[in-house]
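Trainee: Could you take me slowly through one part of this structure, and show me how that part sits among its neighbours?

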Amino acid sequence: MQQIAYDTKNSQSLVITVIGGGNAAHALAALLPYKGITTRLWAPFADEAQQLNQGLNEQGYIHAEFAEHNPIHGAIQGRPQIVSANAAEVIPGSDIVLVPLPSFAYRDLFSQIKPYLKPGMMIGVSPGQGGVDWVAREILGSLYDEVVLFAIMPMPFNCRISEYGKRVEVQELKRAYRVACHPESASDRVCTLNNLFFGQSEPCGNLLTASLYPINAVIHPARLYQLAKDYEDNQPLQANPLFYEQMTDEATALMDSVNQELLAIAAALKQAHIPCGELPHIADFLANYVYQEPSQCLTSFFRDNPAYKGFGTPFIPIEGGWRPDFSNRYFTEDIPLGLCLYRGLAELAAVATPTIDKIIEWAQTHMEKSYLVEGQLIGKDIKETHAPQRFGINTLTKLREFYT
């Protein structure tokens, strides 16, 4: 593979294009220029580029306010070199493309940037789960093996835009990261860069490892199931709790159960000689590694950690109470592109996943989707998932061939 010549220790030698105009893109648009990195924004959705340029013209910079407990805290200001809705204006000449977008954006993203990618370019996706490598190979074809694709876990920021194109509030800049990479031979280069951008980084293996890592699809569906498992259309929920600060032992027990099923899947894949890195328990990864605040109790970790302050639950007010927002990405991303991916791998490896099954079956009913039918991942909406079967990976042999 051709490697682009730049100094990974010198930020001023880099040209980075950030894709998107959302919360994390705002934070990156301030932080990366603040670090001396030439930064571009490709904001192709709706009128985001126009609004961003309007804000920059009025204020001159993006203002990111980092909460006091962060290593970087207070006001950080930066201005991207260019903001455009046209990929042809920003992708060519970039060393790295950073993609802080949900999994359901992968397909359109790779289709649109494909004409502008060159051998040796690097594409960093955060958190980079949901079979990003399966989508990339399907869209990019032979070019997939000519670029570096890496996943940054977890997403570097917990943040919210307070004034579009002008200001973002960063509650948390994570302290440590695991990075998965294709090809794995580029892992050291990628970790050096990620350390420059965000903080302590170490490699964790290939992108199958990233898809199995216990982050959002372990947390969000389990918490929502615990909160809304008894919801019925004619019986509104009576409470709308904070998602993390009012975490319950029942919810974290469900997370643990999903995580144990993931560990069983990974063990079965390894036994079948399919490479995937060492998967952690979610408590070890988040509390011990990412936040470096060892905790024996996952419930108290979510309740007390300042990174999780102020996050609501995706419920909608209705007459008499509340109902879950089944169009929220905690459902539309974490079920078909998260739990269904786990379930598809489990099916290949002949691993039972009763907790994952229970949550999928509950969610699909309310989402008016069909993924699991009589214990098999054969529902009519399987094409909307990122289960391996969706990509023609329907045997362990085919999965092994993808990664060896």
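Mentor: What follows is a close look at strand β1 and then at the sheet on which the next helix packs. Please keep in mind that this is a predicted model. Strand β1 covers residues 15-19, and five of its five residues are buried, so the strand is largely enclosed by the rest of the structure; buried here stands for under 20% relative accessible area. In a regular strand the side chains alternate between the two faces of the sheet. In β1, V15, T17 and I19 lie on one side while I16 and V18 lie on the other, and with all of them buried, both faces are covered.

Strand β1 also has partners alongside. With strand β2, residues 38-42, β1 pairs in the parallel sense over five bridges, and within β2 the bridge partner of I16 is T39. Between these two strands the chain passes through helix α1, residues 23-34, in a β-α-β crossover that is right-handed. Strand β6, residues 96-99, runs parallel to β1 and is joined to β1 by three bridges, with I96 of β6 standing opposite I16.

Helix α1 leads us on to an open sheet of four strands, ordered β4-β3-β10-β9 with mixed pairing. Here β4 and β9 stand at the edges, each with a single partner strand, so one side of each is left without a neighbour in the sheet. From one strand to the next the twist averages 25°. Helix α1 packs on this sheet and touches β3, β4, β9 and β10, while its direction makes about 100° with that of β9. Strands β9 and β10 run antiparallel and are joined by six bridges, and R160 has E169 in β10 as its bridge partner.

Methods. Residues numbered from 1 in each chain as written. Predicted model: local features only at pLDDT ≥ 70, side-chain atom pairs only at ≥ 80, totals over all residues. Heavy atoms only, no water. Buried < 20%, exposed > 50% of the residue type's maximum accessible area, 1.4 Å probe, protein only. Pairing = 2+ DSSP bridges. Right-handed = clockwise from strand over helix to strand, strands pointing away. Axes fitted to C-alpha atoms, helices over the stretch in contact; angles between N-to-C directions. Contact = heavy atoms within 4.5 Å.
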